[in-house]
Every structure is written in structure tokens, then in C-alpha cells.
Amino acid sequence: MKLESRDNIVEKILAGDGIDVYDDKTKTTLKNCSVGFWARDQANINYIATALFTDGTIDFGIIELDAAEDDIKPEPSIRNTDSERYKQLLLEDDIAVSSNGVHLCPSGNIMKIFVVSAGSKGGDSGGPIFSFKQDLIHVSLNGILTSALDNFDDDINGIIGVITMSSIYFIFNDISIVTVTPN
């Protein structure tokens, strides 16, 4: 997979931003989805993590950011455009969801998947699932959205599937998330 800008002008890219995923083999745009998070490997190569739900299958992957592409600048933040006060949430760490009833939020577009009661729209697949810290501007990453059942009549409630961070690290064991605080 490779990242393809929707408007050919990208100053910065945040978790939750919409992206198009282009398949080099078929030369087609697979689907629009959302950025899950910015990751970096031990060789200091940058990636965007995302997931697609296509034809009943979950396709999770990382997209290498070409160092020569100056127009893509990832930030360790989550887009939060619905908020008047905090338009950008600062990604502080990643944590496992340890109990039922915990408050989680979505943003956007051999795996352990957990189910969350939350609404989503087309293109949200791959977007971050996070929980707020006390100050409401810092957040912890819990996973990324993989799939959803159709929202119910009110178009607010729904059920989404989430890939856990431990499953992502199991598949890609040499990456780590980039945060606003050093790891």
C-alpha cells in the first residue's frame, strides 16, 4: 500500500485524517480510510498505520513514508475537529484496554479485536481509538478501528471492531508509536 494525498497538498497529517490507499499491483485506489497513528521503526523509518475493511476481510498495514516526499509531515496528534477548544489531541502513550465499561473514543478513517459501542462512518476504518487523560488534551492510543456494523436508526449508535495495540506490535514487532513525549 502507499499513501495518496486526496488534494495533492498536505502540510501535516494527523491520526484520524482521511487518506486514499492505492494498490500498486492493480493500479487502483482501494478505498478511503483514516490514519491510525504515526510509527517509527528501529532504523528511524517513518510509517502511517491504518486498516481497511473490504469485502468482509480486515487488511491492516503500515505505509512507509518516503523521506523524499516533503509534502507529508506526520504529527504525534489526533485530529479532533468537533471540539471548539482542542482541535488537536496530543498522543502521549499507548495503553491496553484493561476492563469493560472504559470510555474510548474514535477519530476519523492473528489479531485480537475487541468490540466497542460507538458510531462510525464510511472512511473511518484505520482511525485511532483512544482515551482521554485528565487534562482533556493528552490522550492514550488503545488501538485502531477495523470494522463496523451499520449504525442503528439514530445514526449515532453503532458497534465497531478494534485491533489492539498488542496485536499490532505482534505483527510489526520493530515499530513503536511516535508520541509528544519521548518513549
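**Exercise 1.** In this predicted model, place threonine 50 in its strand and decide whether threonine 50 is buried or exposed.

*Solution.* Start with the secondary structure. Threonine 50 sits in strand 6, residues 46-54. Next, take the relative accessible area, which is 1%. Buried means under 20%. Threonine 50 is therefore buried.

**Exercise 2.** Find the backbone oxygen that the side chain of threonine 50 reaches, then list the contacts of threonine 50 beyond four places in sequence.

*Solution.* The oxygen belongs to serine 34, at 2.6 Å. Now leave out neighbours within four places. Threonine 50 then touches Ile19, Cys33, Ser34, Gly36, Asp59, Phe60, Gly61, Ile63, Ser125, Gly126 and Ile144.

**Exercise 3.** Gly126 is among those contacts. Locate glycine 126 and state its burial.

*Solution.* Glycine 126 lies in a loop that runs from strand 11 (113-117) to strand 12 (128-132). Its relative accessible area is 0%, so glycine 126 is buried. Then check a pair distant in sequence. Threonine 146 is 20 residues away along the chain, yet the two C-alpha atoms are 5.9 Å apart.

**Exercise 4.** Identify the residues that touch the most other members of the largest nonpolar core, and the elements that each supply at least two residues.

*Solution.* The core has 21 residues; Phe37, Phe60, Ile78, Ile144, Ile168 and Ile175 touch the most other members. Strands 5, 6, 7, 9, 13 and 15 each supply at least two residues, as does helix 1 (165-171). Take isoleucine 168 as a case. Beyond four places in sequence, isoleucine 168 contacts Phe37, Phe60, Ile144, Ile163 and Ile175. A second, separate core holds nine residues, including Ile19 and Ile48.

Technical notes: Residues numbered from 1 in each chain as written. Predicted model: local features only at pLDDT ≥ 70, side-chain atom pairs only at ≥ 80, totals over all residues. Heavy atoms only, no water. Helix = DSSP H or I, 4+ residues; strand = E, 2+ residues; numbered from the N terminus. Buried < 20%, exposed > 50% of the residue type's maximum accessible area, 1.4 Å probe, protein only. Polar contact = N/O pair within 3.5 Å; in protein donor to acceptor, adjacent residues only side chain to side chain. Contact = heavy atoms within 4.5 Å. Core = buried A, V, L, I, M, F, W, Y, C linked by side-chain atoms within 4.5 Å.
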